[in-house]
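This report looks at charged pairs, buried positions and a surface patch in one protein model. The sequence and structure are shown first.

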Amino acid sequence: MVNDSTYGHLGIYYIAIEENLFFNRVAKLKNEIIILFLIIYFMVSVLGFFLAKLFLKPIKDERKRLNNFIKDTTHELNTPISAILMSAEEEHLTSKQIKRIKLAAQRISEVYKDLTYIFLEDKRVLSEPKEHNLKELINTQIKYFEALAQKKKISIDTFLEDTFFTIDENDFIRLFNNILSNAIKYNKQKGKIEIELKNHTLTISDSGIGIEKDKINDIFSRYYRATDYSGGFGIGLNIVKNICEKYSIKIVVDSTLKKGTSFILKI
């Protein structure tokens, strides 16, 4: 007689039951992790793209401004240099050609001084600020610009009082020359410029093209140009702003489009 306990019940010793619930949960969790990872990866990628674009924008803008500055500088220097070379080719120079050479050399000198002030400001050997009669400095600089004004038949009228102010002479010359240069550059043919100095207030007014109201706050930014009407590369008024801040000079701009602009300096 055979004992059934030796061979198990009906010949079966073990019964294995496969439980799919645990494996289903693991598989579902794995899928959820993969989907969550893909969502996070997508969000991080999009965020990274926009952040990179945001951070690179100032660099791209600065690069664009630098490229424009180089182009404008090249153009600004090319015109007077060409005028000098063309006039110098003549064997006998006329008074008109000599005048043209002087104007061109003057323009190159102005460009050089502006660039030197902007890029070598910290390295300049500055003289000690002294008390100057601004009336005398202004009269000297006006003579410097007479030929340039006559070229456009612009009249310059002055109403100057003796006004003493402590400032580095070169700084005031840079300040005044840049404003007067713009008043000539952006003026119309047969226009006029009025320069008034009284009660410690210097006002330089022109009958030029004017500045749009929404652009007045930007004209003192470096490399900014409110118009393509004439040459320049947008550093002159930035120099004016820097000098005004240095000597606590309050500057106000009053302008009407197509009628003219006034720069008012409270000294």
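## Salt bridges and their surroundings

In this predicted model, a network of salt bridges links E110, D114 and R174. Within that network, the side chains of R174 and D114 meet at 2.5 Å, N to O; because R174 lies in helix α5 (residues 169-185) and D114 in helix α3, the pair ties together parts that are 60 residues apart in sequence. R174 counts as buried at 6% relative accessibility, and D114 is buried with a relative accessible area of 6%.

The structure holds four salt bridges, and three of the pairs are set out here, including the one just described.

| Pair | Closest N to O |
|---|---|
| R174 and D114 | 2.5 Å |
| D171 and K246 | 3.0 Å |
| K215 and E212 | 3.8 Å |

D171 forms a salt bridge with K246, and since D171 lies in helix α5 and K246 in helix α6 (residues 236-246), this pair ties together parts that are 75 residues apart in sequence. D171 is buried at 0% relative accessibility, whereas K246 is partly exposed at 40%.

Helix α3 (residues 95-119) has 25 residues and an expected span of 36 Å, which agrees with the 36 Å between its end C-alpha atoms. Among the buried residues of α3 are E110 and D114.

Elsewhere, L197 is placed in strand β4 (residues 192-198) and is buried at 0% relative accessibility; its contacts beyond four places in sequence include L134, I138 and F159. By contrast, F42 in helix α2 (residues 20-88) is exposed at 57%, and F42 helps to make a nonpolar surface patch of about 730 Å².

How values were computed. Residues numbered from 1 in each chain as written. Predicted model: local features only at pLDDT ≥ 70, side-chain atom pairs only at ≥ 80, totals over all residues. Heavy atoms only, no water. Patch = residues over 30% accessible without salt bridge, like charges linked within 9 Å, V, L, I, M, F, W, Y side chains within 5 Å. Areas by Shrake-Rupley, 256 points an atom, 1.4 Å probe, with all protein chains shown as cover. Helix = DSSP H or I, 4+ residues; strand = E, 2+ residues; numbered from the N terminus. Buried < 20%, exposed > 50% of the residue type's maximum accessible area, 1.4 Å probe, protein only. Expected span 1.5 Å × (residues − 1). Contact = heavy atoms within 4.5 Å.
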